[in-house]
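Work through the exercises below with the sequence and the structure at hand. Each task is followed by a solution in steps.

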Amino acid sequence: MSGHFLHIDKLVMRFGGLTAVDNLSFVVEQGAIHGLIGPNGAGKTTTFNMISGFYRPTSGTVRLRDGVISGLPMHEVARRGVVRTFQHSTLFAELSVLDNVLVGTHMNFRPGIAAAIFGLDAEDRRGARARAEEALEFFGLLDFTGELAGELSHGHQRALGMAVAMAAQPDVILLDEPFTGMNPEETKRMMELMFKLRDSGITILLVEHDMHAIMGLCDRITVMSFGKLLAEGGPQEIRTHPDVIEAYLGGGRHVA
Amino acid sequence: MPRAVSHIAGWLGLAVLLIALPHALSFSQQEVLVFLTINVLLVASYRLLTLTGEWSLGHVVIMGVGAYASALYSKQLGIYVPVSIILGALTAVLVAMVLSYPLFRMKGFYFLIGSFAAGEIIRLLWKRFRDPFGGPKGIKKINPMPDLDIGVYSFDFFEPVSYYYFALAVVTLSLWVMWRIERSPVGLTFHAVHWQDKLAQSAGVDVRAYRTRAFMIASGFAGLSGALLAHYIGTINPNSFDVELMVFVLTWAIVGGTATFYGPILGCVVLSILNEVVLRELGFEQMRPFIYGLLLICSVLFLPNGLESVVQHIMRRRTNVQAAKASRAGDSARYNVEERTEP
């Protein structure tokens, strides 16, 4: 129909009387790093949650290659190729690094109980392990395989969160504020990882409220303010866009 | 290689011990041993349920479902007892599946209370309906296991020793199956659902389906333990599966610890031995709930990770000694890892 890769179409989300996201539409092209930014309370995270299946939108649709994914539960969205990460370092802290990534391989190597009891899943287990190690190597975590995820450094935990998502072999990875609490050095390394991830063929949509981190990273940027689309374009356009500057510096025009 | 040998030797030693054990005991102790074997299966199945993070208060009633079902199948329908035991376990699986629809709309504390309510409803149904459940008096004269001659040993199932061997075989096989499940990718998914259900979901795990699966498997083995019990004691009633036994199961699990496979089993064995050997000898057995309560409080205060943490501590000290030897040889893997952590 629309022919777009990931198409967010007239999304609306109301919480009681509050309209958190109001008629939002934008398109994410395949192979892009797409940023969704805006001041606090702009509705970025709500949008993000609707795309990932965490919320069911009040109206509107999200389509991936013309298949509707909005309104599906999160695991169904994941199975259709859109996998999210979480804010902060949401990991299986009590499990080893390898086990964390092995959970990520769940979709490609669907475990079976009977096969597990009779030992018929040796091939799947080997495949899952190879896939997991591949993802760990990609993010430079192969040396920490046996460590508990909770004991990794902050930067490594973030990378592990992305490794878990990558192990699922998604078409799109949704990153929720990946730079929060990172020092400049860690931010730089994280950006390199994202470029690498994009070059491996995965489309990235990230939510971030830090303008600076996103400028050097994104191919395309969507700016939201008060639940609405404010501007869209490349980093240069956005940087000089008068509405964006005003929204971030706090002009009076967009209030209410 | 020597490690594998010592492993096999350890298991063989345990097997010999378990086979020889009843012959060193008095008749009443042999009976207790049968109950203990059945309870090991019950508490191990309970741990399988807790893997997904949900604690149920209806587990003992599910055990009762297996007991009632197997008793009725053999008594009313004349089904051969070993078959009825398996059917009893399957009935428990089925009941668990039906219960999972309302119960897994809830999590945590709400699930706990919901499971208690569901269990009480089932128990009240047994009490209310004299036909076929026998009302408050329950079912009596349940068909025993038929005698069996397998050449090397002829089973007379009125003898506790015979029934113990039978139960031991069933329980061992069940534990092996549960161990295989826990050690498989399915078991990993159970853990994942427990620790971060949202993250598991984002990796495509159908969290509710996995909770249901764990609940059904655990209920199947609980039902199996119930069926084993029913055909041994020959009479069951709704109060055989009341909340008091459930509290014992919880106590075994908490005192033993639930982080490892063997924790709850350890708790069950240690507390049962304590109960039967010490309290019964001293004539204190009526005080079992009191003693159990005291033990529970003490273990929460002084041994929060359960008896298993004591075992782990000993094991770790042993491996640390080995690791120290290895690191002196200069090939400690851990060292290499830490070196590369530096930015």
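A residue counts as buried when its relative accessible area is under 20%, as exposed when that area is over 50%, and as partly exposed in between. The model used here is predicted.

**Exercise 1. Overall build of the two chains**

Task: State what share of the residues of chain B is buried, and check the radius of gyration of chain B against that of a compact globule. Then do the corresponding check for chain A.

Solution:
- Step 1. By the cut-off above, 47% of the 343 residues in chain B are buried.
- Step 2. A compact globule with 343 residues would have a radius of gyration near 20 Å; the value for chain B is 22 Å, so the two agree.
- Step 3. The C-alpha trace of chain B spans about 75 × 50 × 40 Å along its principal axes. Its secondary structure consists of 15 helices and 2 strands.
- Step 4. In chain A, 54% of the 256 residues count as buried.
- Step 5. For 256 residues the globule rule gives a radius of gyration near 18 Å, and chain A, with 19 Å, agrees with it.
- Step 6. Along the principal axes, the C-alpha atoms of chain A fill a box of roughly 65 × 40 × 35 Å. Chain A has 10 helices and 10 strands.

**Exercise 2. A helix in chain A**

Task: Decide whether helix α1 of chain A is largely enclosed or largely open, and explain why.

Solution:
- Step 1. Locate the helix: α1 of chain A covers residues 44–52.
- Step 2. List the buried residues of α1(A): Lys44(A), Thr46(A), Thr47(A), Phe48(A), Asn49(A), Met50(A), Ile51(A) and Ser52(A).
- Step 3. That is 8 of the 9 residues, so the helix is largely enclosed by the rest of the structure.
- Step 4. Look at what comes after α1(A): Gly53(A) follows, and its phi is positive, near 90°.

**Exercise 3. Backbone geometry**

Task: Find where Lys10(A) and Glu177(A) lie, and state which peptide bond between Asp131(B) and Pro132(B) is present, cis or trans.

Solution:
- Step 1. Recall the background: most residues other than glycine have a negative phi, and most peptide bonds are trans.
- Step 2. Lys10(A), not a glycine, has a positive phi of about 50°. It belongs to strand β1 of chain A, residues 6–15.
- Step 3. Glu177(A), also not a glycine, has a positive phi of about 45°. It sits in the loop between β7 (172–176) and α7 (184–199) of chain A.
- Step 4. Glu177(A) counts as buried because its relative accessibility is 8%.
- Step 5. Asp131(B) and Pro132(B) are joined by a cis peptide bond, with omega about 10°. Pro132(B) is part of helix α6 of chain B.

**Exercise 4. Two surface patches of chain B**

Task: Name the residues in the patch of positive charge, and find which element gives the most to the nonpolar patch.

Solution:
- Step 1. The patch of positive charge on the surface gathers Lys75(B), Arg130(B), Lys137(B), Lys140(B) and Lys141(B).
- Step 2. Take one of these residues: Lys141(B) is in the loop between α6 (130–133) and β1 (148–149) of chain B. With 74% relative accessibility, Lys141(B) counts as exposed.
- Step 3. The nonpolar surface patch has about 780 Å² and is made by Ile273(B), Leu274(B), Val277(B), Val278(B), Leu282(B), Phe284(B), Met287(B), Phe290(B) and Leu294(B). Two or more residues each come from α12 (262–282) and α13 (288–302) of chain B.
- Step 4. α12(B) gives the most, with 5 residues.
- Step 5. Phe284(B) lies in the loop between α12 and α13 of chain B. Its relative accessible area is 38%, so Phe284(B) is partly exposed.

**Exercise 5. Separation in sequence and in space**

Task: How many residues apart in sequence are Pro102(B) and Gly114(B), and how many residues lie along the chain from Val65(B) to Ala96(B)? Give the C-alpha separation of each pair.

Solution:
- Step 1. Pro102(B) is in helix α4 of chain B, residues 81–103. A relative accessible area of 44% makes Pro102(B) partly exposed.
- Step 2. Pro102(B) and Gly114(B) are 12 residues apart in sequence, and their C-alpha atoms are 8.6 Å apart in space.
- Step 3. Val65(B) is in helix α3 of chain B, residues 59–76. At a relative accessible area of 7%, Val65(B) is buried.
- Step 4. Val65(B) and Ala96(B) are 31 residues apart along the chain, and 9.7 Å separates their C-alpha atoms.

Technical notes:
Residues are numbered from 1 along each chain as its sequence is written. Chains are lettered from A and ligands numbered from 1 in the order in which they are written. This is a predicted model: local features need pLDDT of at least 70, side-chain atom pairs count only at pLDDT 80 or more; totals for chains, interfaces and linings use all residues. Side-chain values use heavy atoms; hydrogens and water are left out. Patches are made of residues with over 30% relative accessible area and no salt bridge: like charges are joined within 9 Å, nonpolar side chains (Val, Leu, Ile, Met, Phe, Trp, Tyr) within 5 Å. Accessible areas come from the Shrake-Rupley method with a 1.4 Å probe; for residues, only the protein chains shown count as cover. A salt bridge is a side-chain nitrogen of Lys or Arg within 4 Å of a carboxyl oxygen of Asp or Glu. Lys and Arg count as positive and Asp and Glu as negative; His and the chain ends are not counted. The place of a charge is taken as NZ of Lys, CZ of Arg, CG of Asp or CD of Glu. Helices (H or I, at least four residues) and strands (E, at least two) are DSSP runs, numbered from the N terminus. Buried means under 20% relative accessible area, exposed over 50%, partly exposed in between (1.4 Å probe, protein chains only). The radius of gyration is taken over C-alpha atoms; the globule rule is 2.2 Å times the number of residues to the power 0.38.
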